[in-house]
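User: I'd like to go through this structure with you and ask what stands behind each label. Could you take me through it?

Analyst: Happy to! Here it is.

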Amino acid sequence: MSNSLSLLAVYAHPDDEQGVSGLMAKYARQGVNTGIICATRGEAGEIAPGTHATPETLGQAREAEMRCAAAKIGVRHLYLLNYRDSGMADTPENQDPRCLYQANVLEVAAQVTRIVREQKPQVMIAFDAWGGYGHPDHIKMHQAALMAFWMAADARNFPEQLADGLETWAPSKLYFNAWPRSRFRSFVEYLKAQGEPAPDWLEAFAHRALPDEVITTRLDVHEFVDLKIESLMCHATQLGPNTMFRRIPESLWRDTLKVETLALAESRTGRAQNETDVFEGIV
Ligand SMILES: [Zn+2]
């Protein structure tokens, strides 16, 4: 595969990238120029017991964890946008003026556009319109990624970037990193069969995750499952006892890591169906 290929994932928090860690590793190994945007340092999240982070040091700790996770999967560029984590919807953190939720979406899109014009990805990956599960930062980055996908190609947008020596760039495809609803249903069913109630957030996923038929692209990443787990383990401050993989048996959980799923959302190269490679149709 030509190493002029480039892939950019647009995310909000350290660990958001885990849904595509296998394909990132796979393409990085093939020489594809890979990058991840991480808009915040996840400062508003819960701290897993047994780790040494405090609310004051959490941003710093999570930046280090994100760098560890990105290095494991061979990601070449990690872009931090320096917004503050907004926390879950309707929490007081949403009001912090430094947080991503409070940021002007056009300013966020300008930053993503600048990175697109620098890195020149043919393929972008972002959250869906619901941000996977409604997190306000995920939704904001969905919007910014979608705007950047179209705006980066037009010289009338953010001309100061062109004055800085950048060129316009038209990515070919934008995918949503979308887990099929059936995956969450299988977790709910497993917990119910054990006589355990499924947590509310899991029920919400099982109802609101994209329907299976929306998935256009399935990547076989079975050979990267161990590496994916190593990369996940970098995020130590996020791995508390309620984390999914601590509640679901390893066999079921490992099984779901073997395939990564995407839904083609925006395209300059036509539609996609049953793809196994995100660069399909790109010369
Ligand atoms: Zn997140």
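User: How many residue pairs are in polar contact across the interface of domain 1 and domain 2?

Analyst: The rule finds 2 such pairs, both at pLDDT 80 or more. A polar contact is a pair of N or O atoms within 3.5 Å; within protein, one must be able to donate a hydrogen and the other to accept it, and residues adjacent in sequence count only if both atoms are side-chain atoms. A word on the source: this is a predicted model, where local features need pLDDT of at least 70 and side-chain atom pairs count only at pLDDT 80 or more, while totals for chains, interfaces and linings use all residues. Residues are numbered from 1 along each chain as its sequence is written, and side-chain values use heavy atoms, with hydrogens and water left out.

User: What makes up domain 1 and domain 2?

Analyst: Domain 1 covers 6–178 + 215–267, and domain 2 covers 181–211; the bounds come from an automatic or database domain assignment. Their C-alpha centres lie 24 Å apart.

User: How do you know which area is buried between domain 1 and domain 2?

Analyst: Buried area is the accessible area (1.4 Å probe) that two parts lose on being put together, summed over both. Here that comes to about 1,300 Å², with carbon and sulfur atoms giving 69%. On the domain 1 side, Trp130, Met244 and Arg247 supply 45% of the area buried against domain 2, more than any other three residues. Counting contacts (heavy atoms within 4.5 Å), 16 residues of domain 1 meet 16 residues of domain 2.

User: How many salt bridges cross the interface of domain 1 and domain 2?

Analyst: The rule finds 0 there. A salt bridge needs a side-chain nitrogen of Lys or Arg within 4 Å of a carboxyl oxygen of Asp or Glu.

User: Why is the pair of arginine 41 and glutamate 63 called a salt bridge?

Analyst: Their closest N and O atoms are 2.7 Å apart, and the limit is 4 Å, so the pair qualifies. Arginine 41 lies in the loop between strand E2 (33–40) and H2, and glutamate 63 in helix H2, so parts 22 residues apart in sequence are tied together. Helices (H or I, at least four residues) and strands (E, at least two) are DSSP runs, numbered from the N terminus. By this rule the count comes to 12 salt bridges.

User: Why is the link of cysteine 68 and cysteine 234 called a disulfide?

Analyst: Their sulfur atoms are 2.0 Å apart, and a disulfide is a pair of cysteine sulfur atoms within 2.5 Å, so the label fits. A search of the whole structure finds 1 disulfide.

User: And what makes this link of cysteine 68 and cysteine 234 left-handed?

Analyst: The angle about the S-S bond is -55°, and the link is left-handed. Cysteine 68 lies in helix H2 (residues 58–72) and cysteine 234 in the loop between helix H9 (225–233) and H10, so the pair ties together parts 166 residues apart in sequence.
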